Amino acid sequence: MKHKIMEWAVEHPRSIFWLTGILCLVALAFMPRITVDTDPENMLPHSNPARVLHEEVKQRFGLSDMVVVGIVNEQGVYNPTTLGKLHKLSEEALKIEGVIADDLMSLSLSDNITQGGPGEISFHWMMRQPPANQAEAEQISAWVERLPLLNNTLVSGDKKAVGMYIPIVAKDQSYRVYQELLAVIDGFEPGDEQFHITGLPVAEDTFGVEMFKQMAISAPAAGLLIFVMMLFFFRSAALVTAPMIVAMATVIITMGAMIGMGFPVHIMSSMIPIFLMPIAVVDSVHILSEFNDHYRPGKDKKALARGTIDELFQPMLFTSITSIVGFASLNTADIPPVRVFGSFVAFGIAVAFLLSITFVPAYMSCLSDETLDKMSKRVHSGEKPNSFLARLLRTLPGFTGAARSLIILVGALGLGFSAWGISKIVINDNPMNWFEEKHPIRYADKVLNQHFAGTYEAYLSFNSEAGSADGVEQKAKAILASAPAEVQQQWQTISQSPATMADAIVEQQMTASDETLDYWDQLADVADEAGAAGRLFLQPEYLRYLESVQQALMDSGYVGKTNGLVDLLKTVNRELRSGEATDYRLPTSAEASAQAILAFQGSHRPADVWHFVTPDYGSSVVWMQLKSGDNQDMNLVLDYMQDWFAKNPAPEGLTVDWSGLTYINVVWQDAMVSGMLKSLISSFVIVALMMMFLFRSVVWGLIAMLPLTLTISLIYGLIGVTGKNYDMPVAVLSALTLGMSIDFAIHFIDRCRYMVEKHGGWAKGLDAVFEEPGRAIGRNAIVIALGFSPLLIAPLVPYQTVGIFLASIMVISCVTTLLLLPSIIGLLRNYLFKQADA
Amino acid sequence: MKILAKLFAAASLLLVSVSASAVDVQDIVKRANLAAVYPGNDGRAEARMLIVDKQGRKQMRQFTILRRNIEAGGDQQFLVVFSRPSDVARTTFLVDKHPGGDDDRWLYLPGLDLLKRIASGDKRTSFVGSTFFYEDISGRDINADNFELLSEDDSAWTLKAIPKDAASVEFAYYTVKIDKKTMLPMLSDYFDSAGKNYRRMSATKVKDIQGFPTIMEMKAENLRDGSFSINQLRKAQYDVNIPENVFSERSLRMPPRAWVKL
């Protein structure tokens, strides 16, 4: 079957070219349908309980994703110029499309509650107009210090930074809002102020934008470098164009298929081209290497092309299948973008394999004799290849024979070292850290978190189960006894569905005739009374619990600041009573709390209170400001509070939930880490079984797994030792490591068994292995490791990580394959080859 | 010659338009103010205010509102006593309104047993958490804005009001449509400095009470986020002779039962 395909390919090159071209065109035709999704939240399925809850809490309290703007002035921000700029920026921000104007948090839009004359309370704008002079600026300073909800949130404790929190309708608006803000800032006169814009939504959305720019720079740059490197090895632009076409066609067909099937291009899938290019190139390099080494003027190029494929078919099939398994195993993770990524990389590998065994030989057999002869002349000065690489490789059979024990010992030590390193791995991620340290967003994040109590938000919400409808029916009956029939009938309908009862009664109260109105008002009282049991967060007992939760969060030492209903009530209570610090305390009854809130609602921003408590007072939320968005730091808070809640359980009937972007990032990372580990283990086992099956031998199978095992262990060991965080990119790269580091071992073992048999002995066979096959491995390692070096200068950390990984995979798996495998096989040669003979 | 004729034509057009706007805008505003805020010598109504937030959640507040004119078009007194929800029952506002000057406002919170004066100044603060402003309930001073006639049809005038002190309000201007028959302002649209209509007030139900056309239901909408409030009057009565002493500090702590439904 394989022969037929290759035969046909070599004999009908035009059909192959046409087919490839048409497939690419079809794929390209799908490209305009591209949809982009750069939201890391989508690492979790929409149905994920944590995510559903996060959305529900945002909705419940009208909380939005925020763009954080900070103005830093080392001389202090309380002066007319700086506050003037803040004022202007706030005004401009209100005009930006996608900004939720009513919820924008800035000094110029904040309300102030103060003592007026004796016995007087005053609600007035904090800074409706920018201060005209220094005295007015100082006045604002004094006001802010009295308002716990603003102090250290809108102005830093050191008074050197003033902030704005700009709520946006959707996270995917944040990059545009960010750009529009930058344009406004650019228009300001230069002064002592530095402007910083950050926040997780901006970081996440901007990452998406820059990622695509990076894709457009890194992938072609890597492609070009790979081309140049191959040119160096094979000395024929015409010849090395083949792998380039294979790589490009693979990427185009795969991305086209993905987009055409309606999958959005996510952060993960944007990396597919970067992953597929090396894999697609590797197969072709093996073929080219073999072809290039054997071609001599006058040789039948078609026969040589066929022969090359024939010899390499089996190892290439094996490596492709193992890589496919490695990536397909990502489907075991419950992370939709990772599954899409794994599936389409696997698909791409299959495409690359098919193109390698059809397109490449067809292409080679179409090259003119003249081109090939020139290439041959440039490459082969003598009878045997004599490059530095070739000569170096020829020393290895001897070396691995002499230093066999040492090599095996070093390998074992490497494994031990890795185990130690892996035990030190720190699992941590923060989308902010996907930017380089000097990136403006990450720098802004650092600066603002030095000044403020924190720019990362997390929420702890408390929810009471719906108030019971018990007793309502009984009391309603007494009222309805004298009511007109229409009221009785309507009540019948309304009382059927307790969930909508309150709203339905309100509806009746607004529309009922004057004659029936009284009944509805009384029924409302009855329902209200039953519901009052649910108006928990007016009751001192529950408010005091919230107070203790906020205190515990602060005591943990991991939280910069908390904001909650308690702070608002205490502030209003203080200003209503005396304005003195001694009155900064909670009202003493539910009525007092309700009335304090009613008084507060006579302000300019009455709805602000509903960001802390629902209008039915059945649910409340505590906002946390964290100085770091690292999952590690969020986890410290989670662990501390888990202990605290165990000792201080919430009052009966309350459920406690975490939400907020910082928390969601922890959830998806947990899914990612466990998911990746699961898929790594499962694919490791599957690949091991496949090796045993393909080589028809348990021992050979296990030997084939050695370079892969050592490569993965060493890479993750080094991550542990160097203290680099195990983050999203690192987790996903395990699949690439597994898929690619098995390649060389398969080629080596396959060729080794073939050569030993062909040359009728271990020594001669090994020498032969270190000719063409060895050179192919060496060239591959060099082409890929160096070819992806442009990734190292990308401003996005995940791209750097991929670059480092690819280089490490290539170097480590190449070295272990070329040194460790001959040592081990040499050690066991009598057993292995006797067995093979049998 | 031709130019002269053109100029003449233009001048006469100008004259026509001037005479069209010869409608006395200030007079319309004055009459509308009287119709909307000053009917009768005094008045009483039971009000219920439905507050619907942007999430569509409903809250209702009920209160009795008493009003007494000291001078038609001039000073007035208001007493507002809440009856529902139960945890804010008996919370009371007292207002001595002085158009053109600062109002005197008091607030009594029974749960805290606290009587506070509310500092004068900004009248465009929320009325008890609703989409209405304090000023929407008490009536905005007609001398605070410059009015001009935008359009006129058989049934209504539409005026444009530009605030004299732009810094004291959140709008750049508003338009108001005044019904020719009842002289009631039926629809007001508020525009921000970008010219965007972000707020609307509309009279949704008008009824004749003792010969006074009365807005029985009024809606205030935040067009930015879709939240709105509806203020509905029930059992409105005029000229009921509410004694002057009802509008006193004593009523704040002890609501006058004869006049107030609790």
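## A walk through chains A and B

B:Arg90 is our starting point, in the loop between β3 and β4 of chain B. Keep in mind on the way that this is a predicted model. Select B:Arg90 and check its backbone: phi is near 75 degrees, a positive value in a residue other than glycine. Is B:Arg90 buried or exposed? It is buried, because 20 other C-beta atoms lie within 10 Å.

Stay in this part of chain B and select B:Pro85, which sits in the loop between β3 (76-84) and β4 (92-97). Show the bond that joins B:Arg84 to B:Pro85: this peptide bond is cis, with omega about -5 degrees. For context, most residues other than glycine have a negative phi, and most peptide bonds are trans.

Next, go to B:Asp113, in the loop between β5 and β6 of chain B. Here too phi is positive, about 45 degrees, although B:Asp113 is not a glycine. Its surroundings are another matter: B:Asp113 counts as exposed because it has 9 C-beta neighbours inside 10 Å.

Now zoom out and colour by chain. Chain B has 4 helices and 13 strands, and its C-alpha atoms fill a box of roughly 80 × 40 × 30 Å along the principal axes. Of its 262 residues, 40% count as buried. Chain A has 31 helices and 13 strands, in a box of roughly 105 × 65 × 55 Å for its C-alpha atoms, again taken along the principal axes. Buried residues are 53% of the 838 in chain A.

Contacts along each sequence are worth a glance as well. In chain A, 81% of the contacts between residues at least 6 apart join residues at least 24 apart. In chain B, 45% of the contacts with a separation of 6 or more are between residues 24 or more positions apart.

With both chains on screen, where do they meet? Select the 37 residues of chain B that are in contact with 42 residues of chain A. On the chain B side, β1 (42-52), β2 (58-69), β5 (104-109), β6 (114-118) and β13 (228-238) each supply at least two residues. By class, this side of chain B has 14 nonpolar, 10 polar and 13 charged residues.

Move inside chain A and pick A:Val67, A:Ile166, A:Val246 and A:Ile749, the residues with the most contacts inside the largest nonpolar core, which has 295 residues. Which helix of chain A gives the most to this core? Helix α11 (residues 336-366) does, with 18 residues. Centre on A:Val246 and, leaving aside neighbours within four places in sequence, you will find it in contact with A:Ala280, A:Ser284, A:Ala352, A:Leu355, A:Ser356, A:Phe359 and A:Val360. Apart from the largest core lies another, of 13 residues, including A:Trp491, A:Tyr519, A:Trp520 and A:Ala524.

Then display helices α27 (residues 743-759) and α28 (residues 762-769) of chain A, whose axes come within 8 Å and cross at roughly 135 degrees. That angle makes α27(A) oblique to α28(A), and the crossing is right-handed. Show side chains for A:Phe748, A:Arg751, A:Cys752, A:Met755, A:Val756 and A:His759 of α27(A), which meet A:Trp762, A:Lys764, A:Gly765, A:Ala768 and A:Val769 of α28(A). This contact has 7 nonpolar, 2 polar and 2 charged residues.

For a last stop, select A:Lys834 in helix α31 (residues 829-837) of chain A. A:Lys834 counts as exposed because it has 9 C-beta neighbours inside 10 Å. Draw a distance from its C-alpha atom to that of A:Ala512, 322 residues away along the chain: the separation is 98 Å.

Key. Residues numbered from 1 in each chain as written. Chains lettered and ligands numbered in written order. Predicted model: local features only at pLDDT ≥ 70, side-chain atom pairs only at ≥ 80, totals over all residues. Core = buried A, V, L, I, M, F, W, Y, C linked by C-beta atoms within 7 Å. Buried ≥ 20, exposed ≤ 12 C-beta atoms within 10 Å, placed from the backbone. Contact = placed C-beta atoms within 7 Å. Axes fitted to C-alpha atoms, helices over the stretch in contact; angles between N-to-C directions. Parallel < 35°, antiparallel > 145°, perpendicular 65-115°, else oblique. Left-handed = near helix turned anticlockwise from the far one by under 90°. Nonpolar A, V, L, I, M, F, W, Y, C, P; charged D, E, K, R; others polar.
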